[in-house]
Amino acid sequence: MNLLSSLRPPPRQWWFVAALVALPLLVHAPFLLGILTIDPLPYVARTGEAIAQWKKGVPFNDPNVGWQAQALGKLSADLWLSGEVPWWNPYNGAGLPLAAEAQPGSFFLPFVLLYHFRLGIVWVAVLLQIIAGLGTYALLRKIRLTALAAFVGALLYEFNGTFAWHGAPAITPIAFLPLLLLAIEHLHARVQTDRPGGWIWIAPVLAWSLYAGFPETAYINGLLAGVWVLARGADLARARWLPYVRGLLYGVGCGLLLSLPMVVPFFEMISLSYIGDHDGAFAHVSMPLASATHSLMPWLFGPTLAYSDIHNAVLLSWIWSGGYLPALQVVVALLGVWLAPRKLSFFLLGWMALCLGKSFDWRPISDLVNLIPMVTSAGFARYAPPSWEMVGAVLCALAIHAMQQTQTPWDKRRSAITVLAVWGVSAWLLYETADPIKAVLRRDWAPWLAIVWLAVSIGSALAVFLLAKKQAFRARGLACLLIVDALLAFVMPLGSSGPRMPPTGEGVAWLQRSQIGFQRIYGMGPIAANYGAYFKLPQINHNYLPAPNAWLSFVRDSLYPQADSISFFSFCDDPNPAMALNAAAALRKNLAAYERIGVRYVVVKPGFELFTDVMKTEHADGHRPLALDSVPALTVNLPLSEQARGRTVDQISVMLGNYGSTANGKLRVQVCHAAMCVEGERPLSESIDNSAFAIALDRPLPVTGESTQPAALAIRIWQEAATHPAAIWMWPLPQNATGQGLTVHAIPDEFAGMGPKLEIRYAQDEHMPPRVYQGRDMDIYELQHPAPYFETSDARCQLVPASRLRLSIQCPSATTLTRKEMHYPGWRASIDGRDTPITVQDGLLQSVQVPKGKHLIVFSYTPSYRPLWLGGFLTGVAILLLNFWRAFRNWRGRAAG
């Protein structure tokens with residue numbers, strides 16, 4: 001028990017602890033008070049009209065903060081608060097495991113309960129920062145650093161690059177890294193003084209790290225803990241090694257027992273699921289060089305994910321960046337190795353070298369690291385930064401400590417060489433990544449600011465090294481520079497925050513009022529994957545990894561063959577329109593399968609014609625405007641495809657320029673086919689410059705024609721009653737065009753071989769699903785024949801569902817009951833209290849055989865291997881409580897003596 005009492009700071013040092021608590025609260029105060037927002041909902045969930053309110057960039061580098069922590073984390077919190085264990089997620093796919101997916105941190109108590117609240121994401125980040133800061137301060141004081149050195153190191157880790165660029169779940173395990181190292185230090189101290197115990201703190205910290213929900217980060221942090229163990233073991237006499245190793249095994253073993261309720265279901269899910277590149281594909285993945293430049297200068301590429309370049313180097317840098325270590329920290333960390341030549345500092349420097357070699361796939365270093373079990377299954381480059389950020393913080397603290405403690409003259413030559421070396425590496429990296437930096441410079445001042453700050457911060461450090469007369473002044477000046485550097489780098493991403501808490505939009509509220517029951521929605525843009533769980537709207541979209549193979553097979557075979565295995569959703573406003581059109585075509589083709597899985601509503605972006613075919617003309621690159629006052633009318637002949645026969649055209653749109661909204665009058669169109677012509681018009685005051693301008697025809701135009709020749713439309717477009725012209729944008733037609741065969745007549749010679757960008761909309765088939773909601777946030781279509789959640793092979797049966805888990809049934813004969821929930825190990829069913837087997841139907845769904853008569857059927861889910869994970873957990877709890885009781889009793893005995 002003396003671990004806590006020994007870390008109580010003297011009264012004069014309480015302000016360091018107070019600052020570590022207050023600074024995260026102060027930095028996040030505008031968000032906690034609702035003045036600004038870093039809520040993931042508007043830019044991840046894609047609901048409402050809030051996306052346009054956001055500034056350049058986004059506050060988080062990883063959208064899992066929305067898909068996993070906010071959406072599935074809220075479901076976990078709500079289940080706990082309602083008295084249920086969050087084992088299962090009924091709101092995504094056809095039902096999917098929840099706690100076993102790990103990333104939502106369903107067992108990360110009590111933190112996961114905060115996700116119930118709209119500001120829960122922010123509060124979790126703040127609390128984890130405070131824990132990280134206090135834990136690092138306690139660790140550094142435990143290894144006997146001065147209070148100032150411990151405070152600087154704690155603040156650097158509290159405001160590290162992973163906390164700055166990421167949100168939960170990527171940040172959740174990293175708060176417990178300093179606590180794990182502190183527990184190892186406690187064991188080391190007890191073994192060194194030949195006292196028993198000491199391992200007791202390792203177990204709960206290790207379990208908490210695993211329950212935090214991001215196994216890759218927790219595992220890599222564990223590898224750093226192993227390096228720390230080796231470094232501290234090297235200080236022990238040989239006779240102490242056995243107690244030291246024994247204590248470590250006790251602590252790790254007990255921690256694993258405590259974490260079995262999460263670990264066992266997780267590994268079972270892995271065995272039944274698609275795991276993406278985690279099958280060993282990360283063995284020789286190399287981080288782009290731009291990431292190294294970005295790490296030294298965190299502002300270099302501007303706000304998070306705001307810009308890119310022609311080669312996507314900026315985007316790839318963001319994708320692979322799990323954190324940063326600013327150039328000033330690199331300088332001081334290297335000086336820490338020179339000034340504090342402890343075994344620990346050299347072990348930590350070795351870990352940083354291994355991380356660098358593995359992240360950039362430098363052989364043979366990466367080959368050596370790949371020998372460590374499971375490393376090749378982890379995205380090492382992205383999720384190792386918290387470990388080397390901790391190393392950087394400790395080495396910087398060692399440097400400050402050495403400056404305060406040593407009385408020897410300052411080695412100015414060594415410090416100058418270190419500064420010049422970091423400057424030189426920075427200059428080389430800037431040269432090697434000049435192209436992506438120039439791409440950002442054309443649009444933002446951030447690269448200049450980052451480069452100038454690098455020069456100023458390191459130059460100021462060099463000035464402190466050379467000009468300070470006393471070591472105490474040198475240490476304090478350097479500490480101030482490090483603190484300012486860390487805080488400035490941290491607040492940069494927060495500049496992308498929104499001005500207020502954005503609205504959700506009426507579409508979600510409409511769906512929640514629709515009494516959808518147990519049937520489902522399909523989000524093709526709005527209401528992104530997993531957010532059905534957030535809004536309590538059953539949704540077939542998923543964003544899962546691992547992703548169960550049974551569900552993925554059904555998606556590919558029956559719903560959408562091109563669906564991404566990890567993220568089954570499609571953005572209808574994707575820059576590549578083929579994605580939206582392919583998803584819409586798959587829906588129309590497989591409509592019966594969507595209805596069979598229980599889909600009732602399909603959600604699309606406003607104006608997207610889901611069940612209406614649109615034909616677009618094809619063009620080559622390059623365009624120029626044709627002013628409509630230069631021609632009487634634009635006349636186009638457009639052959640249609642064979643699929644157009646029997647359809648009717650009801651709308652035509654053209655890419656229009658209105659000269660900065662000065663065009664007036666009306667734009668009129670005439671569309672003729674065979675001997676029939678129809679017209680339409682629309683005021684140009686409703687046009688948007690350089691956008692498609694749609695005009696509805698005054699009546700539908702049927703498309704007929706002989707089967708021996710293709711159908712064709714004759715189209716005329718002109719401006720009427722205008723004093724200021726509009727312009728039709730013209731593109732080069734494909735050379736030797738054999739596709740659309742579009743031809744344009746009576747245009748100026750300079751536009752020869754060019755044509756307008758047209759969209760022809762066919763009227764919707766009256767038998768297609770109707771649009772039941774139209775709004776500024778989304779459109780909603782209703783499928784006509786969605787299958788019920790419970791269904792029997794005998795239509796005469798009477799079913800009265802009480803919930804997804806209970807129903808009463810009365811049948812005149814024996815029947816098969818199908819439940820539209822994914823078949824998965826751990827599901828059980830009972831009929832009138834007696835267990836009955838569940839079989840799989842169609843390779844996916846659950847079914848049970850029900851005898852004739854009236855019955856009560858109850859379904860329940862608990863992960864497999866219950867005796868293993870529950871028995872192991874209870875054993876771990878018993879061991880932990882027993883040893884805490886012994887430690888407490890011994891402490892009381894010493895206090896009384």
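The largest cavity has a lining of 16 residues, among which H28, I38, F60, A125 and F163 lie nearest its centre. In this predicted model, the space enclosed by the largest cavity amounts to about 170 Å³. Two helices, α6 (120–142) and α8 (161–165), each supply at least two residues of that lining, and α6 gives the most, with four residues. In chemical character, the lining of the largest cavity divides into twelve nonpolar and four polar residues, whereas no charged residue takes part in it.

The second largest cavity holds about 90 Å³ of space and is lined by 13 residues, of which L296, M297, P298, W453 and D485 lie nearest its centre. The elements that contribute two or more residues to the lining of this second largest cavity are α15 (327–339), α22 (446–467) and α23 (471–491); of the elements involved, α22 gives the most, with four residues. By class, the lining of the second largest cavity comprises eleven nonpolar residues, together with one polar and one charged residue.

Taken over the structure, there are eight cavities of 30 Å³ or more. Empty space of this kind is revealed by rolling a probe the size of a water molecule over the atoms. With regard to charge, the lining of the largest cavity has no charged residues, while that of the second largest cavity includes one.

Terms used: Residues are numbered from 1 along each chain as its sequence is written. This is a predicted model: local features need pLDDT of at least 70, side-chain atom pairs count only at pLDDT 80 or more; totals for chains, interfaces and linings use all residues. Side-chain values use heavy atoms; hydrogens and water are left out. On a 1 Å grid over the protein atoms alone, a cavity is a set of points where a 1.4 Å probe fits but cannot get out, and a pocket is an open set with protein on both sides within 12 Å along at least five of seven lines; lining residues have an atom within 4 Å of a point. Grid points are joined across faces, edges and corners, and a volume is the space filled by probe spheres set on the points. Ala, Val, Leu, Ile, Met, Phe, Trp, Tyr, Cys and Pro count as nonpolar, Asp, Glu, Lys and Arg as charged, and the others, Gly among them, as polar.
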